[in-house]
Amino acid sequence: MTIVKTSQKHYPKAEIARRGMAFGLDFLGAWLISAVFNSGSPGIQFVQILVFIIAWLVLRVLVVYNNQGQSLGRWAFDLKVLEVDNGQVVGRIPQLQALLMREAIIGFSALLTSITLSTIMANPTAILLLLPLAIDCGSALSDSLMRQALHDRYARTIIVSSRRGYSLDLKVKRLVEKLQRNVRR
């Protein structure tokens, strides 16, 4: 009797730029929703922070859990989050608990970024609040094998390219190429 090892299905790793754009789109959605609750007075707005946290969890946990591993930003850029088990990509979306752990970490960094954007004019040292996001996401640049950020490693997840989505990056690229051709004429 011979034991034959079956090959694992290949999941293409997502490029850092596409991941950043997808994160930015999700962040923009949560930030715009929470900006409605800004009172306009200087300082940190606690209601706005609470609304941002709720919007972030809805957009990045509930939508992902119910939409085959894709948030709005990941859908727009053809990405999805999958589970990793013992260094191997498993072809299923993570459990709700793993998504909550993952998004709590990156959501905290996104919240600090939101606070930075709200207070940067009054307090320029607020730029230091961007450091946790830079450290967390910067770790994906150093991981050439799996391209996992710190929050991905902790929650045992990975972002991969997907066939299901809107392909916003490709559509914008085609539009820019078409505009460049028209300008040259």
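# Close-up views of a predicted chain

**View 1. S114 sits in helix 4, which covers residues 96-119.** Keep in mind throughout that this is a predicted model. With a relative accessible area of 5%, S114 is buried. Which residues does S114 touch, once those up to four places away in sequence are set aside? They are F27, W31 and F52.

**View 2. The whole chain, for orientation.** Before going further in, let's step back for a moment. The chain has 7 helices and 3 strands, and along the sequence they follow the pattern α-α-α-β-β-α-α-α-β-α. The C-alpha trace spans about 75 × 55 × 30 Å along its principal axes. Of the 185 residues in the chain, 38% are buried. If you take the contacts with a separation of 6 or more, 67% of them come from residues 24 or more positions apart. On the outside, the chain exposes about 11,400 Å², and carbon and sulfur atoms supply 65% of that.

**View 3. S34 is a residue of helix 1, which runs over residues 16-35.** Is S34 buried or exposed? S34 counts as buried because its relative accessibility is 0%, and the cut-off for buried is under 20%. Leaving out residues up to four places away in sequence, S34 touches Q48, V51 and F52. F52 may ring a bell, since S114 touches F52 too. I53 is also worth finding here: S34 and I53 are 19 residues apart in sequence, with 8.7 Å between their C-alpha atoms.

**View 4. E103 is another residue of helix 4.** E103 counts as buried, at 1% relative accessibility. What is E103 in contact with, leaving aside its neighbours within four places in sequence? The list is W56, R60, V61, R74 and F108. One of these, R74, also forms a salt bridge with E103, and the closest N and O atoms are 3.5 Å apart. That pair links distant parts of the chain: E103 is in helix 4, R74 is in helix 3 (residues 72-76), and the two are 29 residues apart. Both E103 and R74 are buried.

**View 5. R102 and E103 meet side chain to side chain in a salt bridge.** Here the N to O distance is 2.6 Å. Salt bridges that share partners join R19, D26, R60, R74, R102, E103 and D152 into one network. R102 is buried, with a relative accessible area of 1%. For the chain, the count comes to 10 salt bridges.

**View 6. E15 and R18 form a salt bridge through their side chains.** The N to O distance in this pair is 3.0 Å. How do the two partners sit with respect to the surface? E15 is partly exposed, with a relative accessible area of 37%. R18 is buried, with a relative accessible area of 13%.

**View 7. A nonpolar patch lies on the surface.** The residues that form the patch are L50, I53, I54, L57, V58, L62, V63, Y65, L96 and L100, and together they have about 780 Å² of accessible area. Helix 2 (46-66) and helix 4 are the elements that give two or more residues to the patch. Which element gives the most to the nonpolar patch? Helix 2 does, with 8 residues. Take L62, a residue of helix 2: L62 is partly exposed, with a relative accessible area of 43%. You have already met another patch member, I53, in the view of S34, where the C-alpha atoms of S34 and I53 are 8.7 Å apart.

**View 8. Positive charge gathers in a patch on the surface.** Which residues make up this patch of positive charge? They are K178, R181, R184 and R185. R184 lies in helix 7, which covers residues 168-184. R184 is exposed, with a relative accessible area of 68%, because the cut-off for exposed is over 50%. For the charges of the chain as a set, there are 22 positive and 11 negative side chains, and the centres of the two sets lie 7 Å apart.

Technical notes
Residues numbered from 1 in each chain as written. Predicted model: local features only at pLDDT ≥ 70, side-chain atom pairs only at ≥ 80, totals over all residues. Heavy atoms only, no water. Helix = DSSP H or I, 4+ residues; strand = E, 2+ residues; numbered from the N terminus. Buried < 20%, exposed > 50% of the residue type's maximum accessible area, 1.4 Å probe, protein only. Contact = heavy atoms within 4.5 Å. Patch = residues over 30% accessible without salt bridge, like charges linked within 9 Å, V, L, I, M, F, W, Y side chains within 5 Å. Areas by Shrake-Rupley, 256 points an atom, 1.4 Å probe, with all protein chains shown as cover. Salt bridge = Lys/Arg side-chain N within 4 Å of Asp/Glu carboxyl O. Lys, Arg positive; Asp, Glu negative; His and termini not counted. Charge placed at Lys NZ, Arg CZ, Asp CG, Glu CD.
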